[in-house]
Amino acid sequence: MKLKNVVSGIVAAVALSGCSSMSADEGTWTATNDSSSATPSTTEPSTEVEQPAPAETTTSEDEAVAADTEGTALAALALLAVKGRAPMTGYDRSRFGQAWLDADRNGCDTRNDVLGELLTDVALESDGCVVATGKYDDPYTGDSIDYRQGDGTLIDIDHVIALGNSWATGSQRWDIKRRAALANDPLNLLPADAGANRQKGDGDAATWLPAYKPFRCEYVARQVAVKQKYELWVTAPERDAITRILSGCPGQELTPDTWGAPSRVNHDLTDPGPPAEEPVE
């Protein structure tokens with residue numbers, strides 16, 4: 001009977017004072033009285049805890065973007081100098097050395113080194129250097145190519161930064177050993193569909209991009225890597241075109257220089273100088 005009286009007393013007390021509940025977030029009890037009958041208290045101290053104002057941030061929007069893109073092609077692009085095109089006066093392919101050196105002195109020329117590295121199902125000729133046949137998934141067109149040595153319509157080795165573009169953005173000031181290094185650096189070389197490569201010519205990213213769109217981010221990232229390594233500049237239209245591509249893949253990494261080719265060859269080369277002017281008739 002005493003237990004019954006105690007329970008009855010508790011029920012009555014609750015009926016008079018209203019229900020209570022705990023805030024899970026704050027870990028405090030708060031009153032939830034019926035608002036129709038409750039009278040606001042003017043004597044009870046407030047249980048609310050004043051929260052400190054959020055600390056002011058000093059990180060600018062540009063700094064935040066830079067932090068997000070650190071180590072990417074976008075970050076590297078932002079560090080390249082931007083200038084206008086230099087004149088093509090004096091440009092000639094011969095001023096970059098012979099077409100394909102044995103740049104690393106392994107006994108094979110650079111063209112066949114690149115083909116042997118990037119094609120699959122490769123068969124070599126008896127000299128152990130020349131790639132006779134192979135298969136290649138062309139990144140410029142998205143097509144598969146059955147390569148056969150001697151068929152010039154199949155695969156070219158593309159200079160990702162075209163030599164003509166390099167001339168207009170800094171290499172006209174170099175000596176021939178540095179130019180030859182650029183022309184034979186695997187970082188700057190990709191097998192490509194011959195038709196696509198010839199369509200590109202000396203174009204930069206503002207005038208030519210691979211038709212196969214899934215490769216464009218990687219393509220311009222490699223261009224940035226080459227320009228960074230050789231300290232070439234970009235023109236404003238070139239920079240803007242690369243930025244547009246990379247804005248769709250802001251995390252695209254800068255192409256690593258896994259080959260580590262030196263930026264000057266140690267071959268005995270002679271710069272032939274500007275091409276001779278044709279006589280005026």
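In this briefing, Ala, Val, Leu, Ile, Met, Phe, Trp, Tyr, Cys and Pro count as nonpolar, Asp, Glu, Lys and Arg count as charged, and the others, Gly among them, count as polar. The model described here is predicted. Its protein chain has 281 residues, of which 37% are buried, and its secondary structure comprises 9 helices and 7 strands. The points below concern the chain as a whole, helix 6, the two pockets and the disulfides.

**The chain as a whole**

- Among the contacts with a separation of 6 or more, 71% join residues that are 24 or more positions apart.
- The protein chain exposes about 17,100 Å², and carbon and sulfur atoms supply 52% of that area.

**Helix 6**

- Helix 6 spans residues 176–184 and is largely enclosed by the rest of the structure, because 8 of its 9 residues are buried.
- The buried residues are Ile 176, Arg 178, Arg 179, Ala 180, Ala 181, Leu 182, Ala 183 and Asn 184.
- These buried residues pack against three helices and two strands, namely helix 4 (110–118), helix 5 (163–168), helix 8 (216–230), strand 6 (155–159) and strand 7 (189–193).

**The largest pocket**

- The volume of the largest pocket is about 370 Å³.
- Its lining consists of 20 residues, and those nearest the centre are Asp 104, Asn 184, Pro 186, Trp 259 and Ala 261.
- Asn 184, one of the residues nearest the centre of this pocket, is also one of the buried residues of helix 6.
- Helix 4 and helix 6 each contribute at least two residues to the lining, and helix 4 gives the most, with 5 residues.
- By class, the lining of the largest pocket contains 11 nonpolar, 4 polar and 5 charged residues.

**The second largest pocket**

- The second largest pocket holds about 200 Å³ of space.
- It is lined by 13 residues, and Arg 93, Ile 157, His 159, Leu 163 and Asp 202 are the closest to its centre.
- Strand 6 and helix 5 each supply at least two residues of this lining, with strand 6 giving the most, at 3 residues.
- The lining of the second largest pocket divides into 6 nonpolar, 4 polar and 3 charged residues.
- Strand 6 and helix 5, which contribute to this lining, are also among the elements that pack against the buried residues of helix 6.

**The disulfides**

- The structure contains 2 disulfides, and when the bonded cysteines are numbered in sequence order, the pairing is 1-2, 3-4.
- One disulfide joins Cys 108 and Cys 129, whose sulfur atoms lie 1.9 Å apart.
- The link of Cys 108 and Cys 129 is left-handed, with -70 degrees about the S-S bond.
- This pair links distant parts of the chain, 21 residues apart: Cys 108 is in the loop between helix 3 (73–79) and helix 4, whereas Cys 129 is in the loop between strand 3 (120–124) and strand 4 (131–137).
- Buried means under 20% relative accessible area, and Cys 108 therefore counts as buried at 12%; Cys 129 is likewise buried, at 14%.
- The other disulfide joins Cys 217 and Cys 249, with sulfur atoms 1.9 Å apart.
- The disulfide of Cys 217 and Cys 249 is left-handed because the torsion about its S-S bond is about -105 degrees.
- Cys 217 lies in helix 8 and Cys 249 in the segment after helix 9 (236–247), so this pair ties together parts that are 32 residues apart in sequence.
- Cys 217 is buried, with a relative accessible area of 18%, and Cys 249 is buried, with 14%.

Terms used:
Residues numbered from 1 in each chain as written. Predicted model: local features only at pLDDT ≥ 70, side-chain atom pairs only at ≥ 80, totals over all residues. Heavy atoms only, no water. Buried < 20%, exposed > 50% of the residue type's maximum accessible area, 1.4 Å probe, protein only. Helix = DSSP H or I, 4+ residues; strand = E, 2+ residues; numbered from the N terminus. Contact = heavy atoms within 4.5 Å. Areas by Shrake-Rupley, 256 points an atom, 1.4 Å probe, with all protein chains shown as cover. 1 Å grid on protein atoms, 1.4 Å probe; cavity = no way out; pocket = protein on both sides within 12 Å on 5 of 7 lines; lining within 4 Å. Points joined across faces, edges and corners; volume = space filled by probe spheres on them. Disulfide = S-S within 2.5 Å.
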